[in-house]
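Here are a few exercises to work through with the model open beside you. Try each task before you read its solution.

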Amino acid sequence: MNITILDDYQNAVRHLACFAKLAGHDVTIWNDHTKDADMLAERLKETEALVLIRERTPIRAPLIERLSRLKLISQRSVYPHIDVETCTRRGIIVSSDMHPDRPSFATAELTWGLVIAAMRCIPQEVAALKGGRWQSTLGTALRGRTLGIFGYGRIGSVVAGYGKAFGMKVLVWGRTSSLARARADGFTAAASKQALFEQSDVLSLHLRFIDATRNSVTSGDLARMKPTALLVNTSRAGLIEPGALAAALKAGRPGMAAVDVYEEEPVLGAKHPLLALDNVVCTPHLGYVERDGYESAFGIIFDQVLAYAAGKPINVVNPEVLEKR
């Protein structure tokens, strides 16, 4: 079977132990990135099974209509980037394991790494030391300060636990059901969303990104934050009103940000306004990008491909295709 894997930026997939599962199949891996429909149509014209790495490349109707040999899209997690309706009409199976009970510990760990890096000015101090200087900033400790968690879901609850371990007061805001879970876990619910932004020394966003949560953080929310506070976003850029974070940082509230996600990815050529600000720590969407996570995710993704090849597809999100068959 002709299998294509897109957007393997680090050329990592072929070096995973689980890659051996695809032995005997014709596998093409692309390490660069493009959203150009003509280029993608050319690259994928012989593809029967398409492997996607999260939401890196949108697979929409104009492209799908040109892929006459495509029979399967295999990936993991949510799929807002895939036109499932067009896939169904074209008889293309979409298999996506939703891993409902397992949080992304890797994303939670990166979140905490960003918190410490930003609060203790680690990137600035590393650059200063390499530039021949010694102790050029004064960082801020975490113990005794307030950690705000906006969205107490799978990842948010893990980050809240890290805050507790560091001796922070944890304050949570989110849906009624998530606030009930936070209270049951021993954490304090904020009096309001406004109070969360006003009282947090570190505020970490962990809302699921859907239409209802788009632009959940406004310029008004950010203006409520302390001039010494840190905003962390390892979830999705679309949770914040467009342009609001850069403007707020320039205005001094909050005083810092640590960001792993952007409106358009990948960000190349340092072409993003946050990268020009000294009070921001930026990473290139590394939340889920670590070896164990890749082994787990691609092991399941490749199992989905093999199940299809064996005539018994699994984790099918559009079962109507199977009914038609």
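**Exercise 1. Work out how Arg90 is exposed and what its side chain pairs with.**

Step 1. Start with accessibility: Arg90 has 33% relative accessibility, so Arg90 counts as partly exposed. The scale is buried for under 20% relative accessible area, exposed for over 50%, and partly exposed in between, with a 1.4 Å probe and protein chains only.

A word on ground rules: this is a predicted model, where local features need pLDDT of at least 70 and side-chain atom pairs count only at pLDDT 80 or more, while totals for chains, interfaces and linings use all residues. Residues are numbered from 1 along each chain as its sequence is written, and side-chain values use heavy atoms, with hydrogens and water left out.

Step 2. Now the partner: the side chains of Arg90 and Glu65 meet in a salt bridge, 3.5 Å from N to O. A salt bridge here is a side-chain nitrogen of Lys or Arg within 4 Å of a carboxyl oxygen of Asp or Glu.

Step 3. Place the two ends. Arg90 sits in the loop between helix 3 and strand 5 (93–97), and Glu65 in the loop between helix 2 and strand 4, so this pair links distant parts of the chain, 25 residues apart. Helices (H or I, at least four residues) and strands (E, at least two) are DSSP runs, numbered from the N terminus.

**Exercise 2. Which residue forms a salt bridge with Glu65 at 2.5 Å, and is that residue buried or exposed?**

Step 1. The residue is Arg89, whose closest N and O atoms with Glu65 are 2.5 Å apart.

Step 2. Arg89 belongs to helix 3 (residues 84–89), and the pair is 24 residues apart along the chain.

Step 3. Arg89 is exposed, at 52% relative accessibility, whereas Glu65 is partly exposed with a relative accessible area of 32%.

**Exercise 3. Find the partner of Lys226 and compare the accessibility of the two residues.**

Step 1. Lys226 forms a salt bridge with Asp201, with the closest N and O atoms 2.8 Å apart.

Step 2. Lys226 is in the loop between helix 9 and strand 10, and Asp201 is in the loop between helix 8 (193–199) and strand 9 (202–205), 25 residues apart.

Step 3. Lys226 is partly exposed at 25% relative accessibility, while Asp201 is buried with a relative accessible area of 11%.

Step 4. For the wider picture, a search of the whole structure finds 14 salt bridges. Glu46, Glu48 and Arg69 are linked in a network of them.

**Exercise 4. How many aromatic pairs are there, and what geometry does the pair of Phe19 and Phe302 have?**

Step 1. The count comes to 7 aromatic pairs. Rings of Phe, Tyr and Trp (its six-membered ring) pair if their centres lie within 6.5 Å; planes under 30 degrees apart count as stacked, over 60 as edge-to-face and the rest as tilted.

Step 2. Phe19 and Phe302 are edge-to-face, at 6.3 Å centre to centre with 65° between the planes.

Step 3. Phe19 lies in the loop between strand 1 (2–5) and strand 2 (26–29), and Phe302 in helix 11 (residues 291–309), so the pair ties together parts that are 283 residues apart in sequence.

Step 4. Both ends are buried: Phe19 has a relative accessible area of 19%, and Phe302 has 0%.

Step 5. Ring pairs also link Phe19 and Phe302 with Tyr294 and Phe298 into a cluster.

**Exercise 5. Describe the residues of helix 10 that are buried and what covers them.**

Step 1. Within helix 10 (residues 244–251), the buried residues are Ala244, Leu245, Ala246, Ala248 and Leu249.

Step 2. Their cover includes helix 9 (219–223), strand 10 (230–233), strand 11 (256–259) and strand 12 (280–282).

Step 3. Look just past the end of helix 10: Gly252 takes a positive phi of about 100°.

**Exercise 6. What does Val78 touch beyond its sequence neighbours?**

Step 1. Val78 is in the loop between strand 4 and helix 3, and is partly exposed at 25% relative accessible area.

Step 2. Leaving aside neighbours within four places in sequence, Val78 is in contact (heavy atoms within 4.5 Å) with Glu55, Met98 and Arg208.

Step 3. By contrast, Met119 is 41 residues along the chain from Val78, and their C-alpha atoms are separated by 32 Å.
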